[in-house]
Amino acid sequence: MPSTFLLRITIILCASVLLAGAQWATRKPIVLRTERQEAVLPPTTSSAANIEAGSERDSEMTADPKAITAAMIDEWNRNGEAAIVDARLAEEFAEGRIPYAYNLPFGDFLGGRPAVLDELDPAQLTIIYCGGGDCDASHKVERMLIEYGFTNVVVYLPGWPGWLEYGGEVEK
Amino acid sequence: MSQRPGWWDAAAVLLRIFAGGMFVIAGVMKWQDPLAFALAIESFKLAPEIAIPFLAHLFPTLEILGGGMLLAGLWTKETSATLLAVTVVFTGAIIWVILSGKPVSCGCFGGLFERLNIPVISAVFGSSKITWLSALRNGIFLGAFAALWWRGGGIASLDHLLHKKTEPAAA
């Protein structure tokens, strides 16, 4: 009977809307974007870094994510002062990555806390990159890391193409 | 006289377990972390930002409720029609992403199959990269829902049980 059919579909949809509304009202609010925080960066010998950050060579500094260069990442990575997170898909990660990078595609956050977070220090500087250009995976991973309590997260905006352009070492 | 089970009754049970079970699991995975699913919806850039938080609660709820009803065989035709419509929306979004060439993480099935990392299964059902395989996977579900909408849940369903109870006793 068409009327019963439509009535039941309406009941299913209304029940879903009501249940979703109840969750929306009672669960933690979903905030898609947080205030961009200034990253606390370790000291570096990279002149570009010091010029852009306007800081002394031997002191800790803060900088806008736009000031992060491949040279700075290279130095921090070599000194173990930053954790590098590759937000690209596993296939792209396998083809080549910044040395010691952790693979953490945004999709890994769907369904709960990714296991790789146990290997990262929430207080340490964590640099995230993806494919550069219009890739927004690193921003989504940044948002999720902040949600999981990471306090010093920054996105390397030029991403993988920027690293290759710099001529950085590629791990496979 | 009791009805003997036919081929469709067996097929309906399998389809209901497959499609209903998958939707329940997918819904629970998404329900666990609404922020991650909201960000996944945002990646598609198809919904207004103000609606995304609500949609991030609505889709998992609909999947869990609809999947559960399919498993039980309750209102099978109506539930299948509803989930078919939802799957059509998801498939349209997937095709739009493929055609636009945007690097979007699917969010399909809440990342379940990517986590399981089973060869072939993870490639077909996994959430990592949106390809025509993702659209094909949705096509399988569309077929399952269409069949259940057309033929109903079979005799091993609550629908059948409730229908028998409401039937007038034979003279």
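Start by selecting L55(B) and the residues around it: L55(B) touches F37(B), I41(B), A47(B) and P60(B), leaving aside residues up to four places away in sequence. Contact here means heavy atoms within 4.5 Å. L55(B) sits in helix α3 of chain B; helices are DSSP runs of H or I with at least four residues, strands are runs of E with at least two, and both are numbered from the N terminus. With a relative accessible area of 19%, L55(B) is buried; the classes are buried under 20%, exposed over 50% and partly exposed in between, using a 1.4 Å probe and protein chains only. Now draw a distance to I41(B): the two residues are 14 apart in sequence and 8.3 Å apart in space, C-alpha to C-alpha.

A word on what you have loaded: this is a predicted model, where local features need pLDDT of at least 70 and side-chain atom pairs count only at pLDDT 80 or more, while totals for chains, interfaces and linings use all residues. Residues are numbered from 1 along each chain as its sequence is written, chains are lettered from A and ligands numbered from 1 in the order in which they are written, and side-chain values use heavy atoms, with hydrogens and water left out.

**Next stop: two backbone angles in chain B**

Select K45(B), in the loop between α2 (34-44) and α3 (52-72) of chain B. Its phi is near 55°, a positive value in a residue other than glycine. Most residues other than glycine have a negative phi. K45(B) counts as exposed, at 53% relative accessibility. Then move to W75(B), in the loop between α3 and α4 (76-100) of chain B. W75(B) is not a glycine either, yet it has a positive phi of about 50°.

**Next: salt bridges between the chains**

Show the charged side chains. A salt bridge is a side-chain nitrogen of Lys or Arg within 4 Å of a carboxyl oxygen of Asp or Glu, and the count comes to 13 over all chains.

Which residue forms a salt bridge with E78(B)? The partner is R8(A), and the closest N and O atoms are 3.4 Å apart. E78(B) lies in helix α4 of chain B and R8(A) in helix α1 (residues 2-26) of chain A, so the pair joins two chains. E78(B) is buried at 7% relative accessible area, whereas R8(A) is partly exposed at 27%.

Select E42(B) and K140(A) next, a salt bridge with its closest N and O atoms 2.9 Å apart. This pair also joins two chains, because E42(B) lies in helix α2 of chain B and K140(A) in helix α5 of chain A. Both ends are buried: E42(B) is at 10% relative accessibility and K140(A) at 5%. Add R33(A), D136(A), K45(B) and E49(B) to the selection, and you have one network joined by salt bridges that share partners.

Within that group, zoom in on E49(B) and R33(A), whose side chains meet at 2.6 Å, N to O. E49(B) is partly exposed at 45%, and R33(A) is partly exposed at 47%.

**Now into chain A: strand β5**

Select residues 125-129 of chain A. Five of the five residues of this strand, β5, are buried, so it is largely enclosed by the rest of the structure. In a regular strand the side chains alternate between the two faces of the sheet. Here L125(A), I127(A) and Y129(A) are on one side, T126(A) and I128(A) on the other.

Strands pair if DSSP finds at least two bridges between them. Five bridges join β5(A) to the parallel strand β3 (residues 82-86) of chain A, and three join β5(A) to the parallel strand β6 (residues 153-155) of chain A. Centre on I127(A): I84(A) stands opposite, and V154(A) is its bridge partner in β6(A).

**Last stop: the nonpolar cores**

A nonpolar core is a set of buried Ala, Val, Leu, Ile, Met, Phe, Trp, Tyr and Cys residues joined through side-chain atoms within 4.5 Å. The largest has 38 residues, and those with the most contacts inside it are L104(A), F106(A), F109(A), L117(A), V141(A) and L145(A). The elements giving it two or more residues are α1, β3 and α5 of chain A together with α2 and α3 of chain B. A second, separate core of 19 residues includes I73(A), I98(A), I127(A) and V154(A).
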